[in-house]
Amino acid sequence: MEQTVDAPKYAFPKSTLRRFRWIRRYGVLILMILPGVIYLLINNYLPMLGIIIAFKDVNYAKGILQSDWIGFKNFEFLFRTNDAYIITRNTILYNITFIVLHVIAAVTLAVLLNELKNRFLARFYQSVVLLPYLISAVIIGYLVFSLLSVETGIMNKKILPMLGLGEISWYTETKYWPYILTMVSVWKTAGHLCVIFLAAIVGIDKEYFEAATIDGASRWQQIRSITIPLITPVITIMTLLAIGRIFHSDFGLFYQVPLDSGPLLPVTNVIDTYVYRSLLTLGDIGMSSAAGVYQSVVGFLLVLISNYIVRKINSDNALF
Amino acid sequence: MERTNSRTQLVIHLFFVVVSAVCLLPFFLLVTSSITDESEIIRNGYTLFPKHISFAAYEYLLNDASAILRAYGNTFVATVIGTSVSLLIITMLAYPLSRRDFPWRKSLSFFVFFTMLFNGGLVPTYFVYTQVFDLKNTLLALIVPYLLLNGFYVLLARTFFANTIPMEIIESAYIDGAGEFRIFWRIILPLSLPILATVGLFQLINYWNDWFNSLIFITDRKLFNLQYLLNKILLDIQFLSTSDLGGNQAEMIAALPKEGVRMAMAVIGVVPILIAYPFFQRFFIQGLTVGAVKG
Amino acid sequence: MLKKMLMLFIAVALVLAGCGSSDKSASNAGSNSGSSVNTGSINTGSTDEAQEENDASNLPPYEIVIAFPTSSSQTSGIPEVEQAINEITKKKINATIKLMPYSYASYAQQLNLMFASNEKLDLFVSGVNGAYSSQVAQGSMIPLDDLLEKYGSGIKEAVYAPFIEAARMNGKLYGIPSNRDLAADRELLMRKDIVDKYHIDLSQVKTFEDFGQIFKVVKENEPDLIPLVLFTQISTPVDVIASMYFDILGDRMGVLEYGNSEMKVVNMYETEQYAQLLNTVRSWYEKGYVQKDAATTKDTGPVLVQAGRAFSYIKQSKPGSDTQASRQTGYEMVSLKLPPAYSTTNLITQFLWSIAKNSQDPERAMMFLNLMFTDTDIINLLAWGIEGRDYVKVSGNIIDYPEGVNATNVPYGLNQGWLFGNQFKSYVFKGDPEDIYQQTDQFNKEAVKSPALGFTFDSTPVKSEVASVTNVMNQYRLGLETGSLDPETLLPQYFSEMKKAGIDRIIEEKQRQLDEWVKTK
């Protein structure tokens, strides 16, 4: 396990003889990766050329390639006001919260599902927790509205009076929304994510548990010292991947669920929604492209750093 | 294998009953609001127990049954083909990346990962799909863009292969004279049913819920997919009520289906996945135990 | 590892370089493919082609692709409509047409994609949702002056000249308005049964502030009815009424006050007038006259009235809007109008017909556009579909749905006659006043012309400021204008946020452009 990658000695074979051997050893594997690699080249890398749009004053009559270069002017709107601080803060804080809570909730669900003896019910629960993920964000927005509407909402009309509390104007009070959005996000994602961890748990070699049981370990001890450590690689990779997208957010959650309510913007505005709103009428593809580049570059740097740290701890868990 | 005692079982069940309620209630709300009388929704909001039940929304959908059936068909074809092909490509790419002895492992992983961070945006993607490859208004446009989506599933599958399949198995098979592809097909895949089911399920959901490709690449109404029909309405309502479009705005809004219809469409969009789900659950058992292979 | 990555990137770069060149050739191929026509370049439109104008047989066949937005799902009948139109156009201009309906929400994006990838597109509806000036600035369409001169005589006859001129930008025409309501006043639409029941005397209601008396009666006597709801989420009472006092000059960021002869651009949100409107609405909100969910609701005014939950809503108005409202709400509606009607650039550039820079035969596109304003058969086909299937004649020029057909199952149910060229020549749908189009025409012509009619602000020089200010407006505007936020504390905050976002730069730029426009007018 401690052995580091021995790749370099294969990478650039010194003699033709060795290259020949190398092809014979890995030729099939290379053929196997070809479809995926070609697909990514065409579907993902080729369009990356379009990043130039972020630095262009797009004029369709001239064509995109011939449009004038304008340096970083398209990026300006992202940093002009103190909105830049607010949207960046919101995006990062929400994402960090989500990354942590999603993993905790999903792992809990997965571990508990795996503990259940009644397989039929376990499967039933598993299907049910997936449901929220299947409902479109706009509809979730409707459903949340049916809870929180001032005039017809279940909260204001039924629950708050029952508790002897007065009406709350949910869609203008910023203080509730960090919690509401977090709850909705966990509600929506946990069941979906738990599938991954469940697959990881199911994949653990049962011999470990059998040995532990013979040694008299309790279930809880087994979970703590077998299950969790063995799914750590999966948790790590999921976290790393999420960090890469830390400047991106679930647009539907932040735009549709608060119903685009203006007074809530200080706590609901994230980079994606800010860009969307700014450019709705301007329709400037240069500016939206600039926002995408900014998000990607920051995510990239963060992931390089995190990956470096992970590699220091355990190189097998690192992304690359 | 020993599992927990029955009291702990009961507690876990109670926990899941609560969790299920939290997940199911909104869904029931969705279903009941699709059969609630339209004016009642607007007067009183959604309710689990409507006073006046009305199937008008579903009747409205039946009006255009042929369009909906066709959209179902398009979605179905794209989902089945897309999910199978993408499973194949994903696992074939992920497996070599999981092999610790594969020379380009780290840099190729990076190559895959990079696609998760950077994309050129919609315009160049559209250009590639419509001008370089003529996929506009073809079913392929509903399939190809999501085949790998981005590197996420590849890296996920890679991690699973690397962590659940001991290198010794591969080595011993190799020494026994099995070719790489045979090892992959006969040993790796059967050992990895849970992750195949996971990725398959996720891709199934991605394809089933996709409407964006339909929005961007399809203008021929014969090729629209199911979720597009719903999302088009939802987005139009949002757009029309937040845009300033002058004297004829009232007609534009009046042309859109009512709330009950939107709910009904959401319901008919979810149900097929719920039916397909148990099928995937069957694979959430350890394929062959690793021990058996080793032995 | 680093070396390997480098190798990979070189490989990728090579692919990209290949793409770069194929990029160009592909777009060149795009502009040549699909057409055997020697286009003749756009601006030089050679004279001999002009002479061929009426002689279809000399023109090579051509397919005109037409993109437009629609909210209707009833589009299955389009192929037959195309076919019927083609029969006419083949004879007249040896061309066929292809209608490309897009949903409103995705329309702007789709257009950008088509422009960027140089897809085949001839005629399209420009302007939707304030996009006209940026579409012009981004070079999406070609100037129409010469084409209009040569092939658009019917258009010039049909559309009132000041309205054609209103779409001019940087001295050139980039779009032509359809004949529809090109001016607007504003109205309070109320349920007539309630007005009658409480003997509300509408003649006593003269101003916006007076509306409060009506709402008071409703609030006191009909506890289940919300006195005032929004027409749509964005058309707040304050915004609609503000059009009595200001020309919003495109985007509300710097407006022109009517009656101010200096042509001075001011910040509407800092005016006394605006503050007063806010206070009125706020007091209504506090008294419970205004829908509490106003700033977030997804239900529109007509829907709320239809469901028996609301009494009235305020909206921009045009002739026949009360019968239209009655039809939509299922209640007889009575309208209380606040004159005068103004005609502004915004109303005209909201929907324009433009010729895309992608067009391979702009002449033919213009010829067809001309037919959309002159040929009654084409006008009615585009507006109402096919006779017998989509509509039947009732009497004279009144039409209705055929037996068993209604708004939800008519095969061609776009219902956008106002968009397709010259609505004034089309049939009148049953229920509307028979002279609705004459009324509209007269309404347009009699409306007060804003002193800035014809001025379109080009926001390109200040677009990052516009983006920032847009976000500030999103945060405050709806809340303030529906009364759900308190103007006392939040209006000052709104100004200062706007200032920080750069509203002054925008106003300055707008003033500069306006001064220039006045000079060259």
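Two strands are said to pair if DSSP finds at least two bridges between them. The exercises below apply this criterion, among others, to a predicted model.

**Exercise 1. The five-stranded sheet of chain C**

Determine the strand order of the open sheet of five strands in chain C, and explain why one side of each edge strand is left without a neighbour.

*Solution.*
Step 1. Strands of a sheet pair through backbone hydrogen bonds, either parallel or antiparallel.
Step 2. In chain C, the order of the five strands is E2-E1-E3-E14-E6, and the pairing is mixed.
Step 3. The edges are occupied by strand E2 (95-103) and strand E6 (176-177) of chain C; each has a single partner strand, so one side of each lacks a neighbour in the sheet.
Step 4. One pair may be examined in detail: strand E1 (residues 62-70) and strand E3 (residues 123-126) of chain C run in the parallel sense and are joined over two bridges. Within this region, Ile66(C) is found opposite Leu123(C) of E3(C).

**Exercise 2. A three-stranded sheet and a hairpin**

Describe the open sheet of three strands in chain C, and then state how many residues lie between E15(C) and E16(C) in their hairpin.

*Solution.*
Step 1. The sheet has the order E9-E10-E11 in chain C, with antiparallel pairing.
Step 2. Strand E9 (246-247) and strand E11 (265-266) of chain C are the edge strands; each has a single partner strand, and therefore one side of each has no neighbour in the sheet.
Step 3. Two bridges connect E9(C) with strand E10 (residues 255-257) of chain C in the antiparallel sense. Phe246(C) has Glu257(C) in E10(C) as its bridge partner.
Step 4. Strand E15 (residues 392-395) and strand E16 (residues 398-400) of chain C are also antiparallel, with three bridges. Here Val392(C) has Asp400(C) in E16(C) as its bridge partner.
Step 5. Two residues lie between E15(C) and E16(C) in the hairpin, and Gly396(C) in the turn has a positive phi of about 50 degrees.

**Exercise 3. Backbone geometry**

Identify where Asn137(B) is placed, and state which peptide bond, cis or trans, leads from Pro339(C) to Pro340(C).

*Solution.*
Step 1. Most residues other than glycine have a negative phi, and most peptide bonds are trans.
Step 2. Asn137(B) is not a glycine, yet its phi is positive, at about 55 degrees. This residue belongs to the loop between helix H6 (122-132) and helix H7 (140-143) of chain B.
Step 3. The bond from Pro339(C) to Pro340(C) is cis, with omega near 0 degrees. Pro340(C) is located in strand E13 (residues 333-343) of chain C.

**Exercise 4. Two interfaces**

Give the buried area and the number of salt bridges for the interface of chain A and chain B, and for that of chain B and chain C.

*Solution.*
Step 1. The size of an interface is often given as the accessible area lost when the parts come together.
Step 2. Chain A contributes 97 residues and chain B 101 residues to their contact. The buried area is about 9,500 Å², with 72% given by carbon and sulfur atoms. On the chain A side, Met32(A), Tyr39(A) and Leu134(A) lose the most area to chain B, together 7% of what that side buries.
Step 3. Zero salt bridges are found across the interface of chain A and chain B.
Step 4. Between chain B and chain C, 48 residues of chain B are in contact with 55 residues of chain C. The buried area is about 5,000 Å², with 59% given by carbon and sulfur atoms. On the chain B side, Ile42(B), Phe127(B) and Asp244(B) lose the most area to chain C, together 12% of what that side buries.
Step 5. One salt bridge is found across the interface of chain B and chain C. Lys136(B) forms a salt bridge with Glu119(C), with 2.5 Å between the closest N and O atoms.

**Exercise 5. The second largest cavity**

State how much space lies in the second largest cavity, and which residues are closest to its centre.

*Solution.*
Step 1. The structure contains 15 cavities of 30 Å³ or more.
Step 2. The second largest cavity holds about 370 Å³ of space. It is lined by 22 residues, of which Asp244(B), Asp239(C), Ser243(C), Gln316(C) and Leu347(C) are the closest to its centre.
Step 3. By class, the lining comprises nine nonpolar, eight polar and five charged residues.
Step 4. In chain C, strand E7 (184-191), helix H11 (237-242), strand E12 (310-317) and helix H15 (345-349) each supply at least two residues of this lining.

Notes:
Residues are numbered from 1 along each chain as its sequence is written. Chains are lettered from A and ligands numbered from 1 in the order in which they are written. This is a predicted model: local features need pLDDT of at least 70, side-chain atom pairs count only at pLDDT 80 or more; totals for chains, interfaces and linings use all residues. Side-chain values use heavy atoms; hydrogens and water are left out. On a 1 Å grid over the protein atoms alone, a cavity is a set of points where a 1.4 Å probe fits but cannot get out, and a pocket is an open set with protein on both sides within 12 Å along at least five of seven lines; lining residues have an atom within 4 Å of a point. Grid points are joined across faces, edges and corners, and a volume is the space filled by probe spheres set on the points. Helices (H or I, at least four residues) and strands (E, at least two) are DSSP runs, numbered from the N terminus. Ala, Val, Leu, Ile, Met, Phe, Trp, Tyr, Cys and Pro count as nonpolar, Asp, Glu, Lys and Arg as charged, and the others, Gly among them, as polar. Contact means heavy atoms within 4.5 Å. Buried area is the accessible area (1.4 Å probe) that two parts lose on being put together, summed over both. A salt bridge is a side-chain nitrogen of Lys or Arg within 4 Å of a carboxyl oxygen of Asp or Glu.
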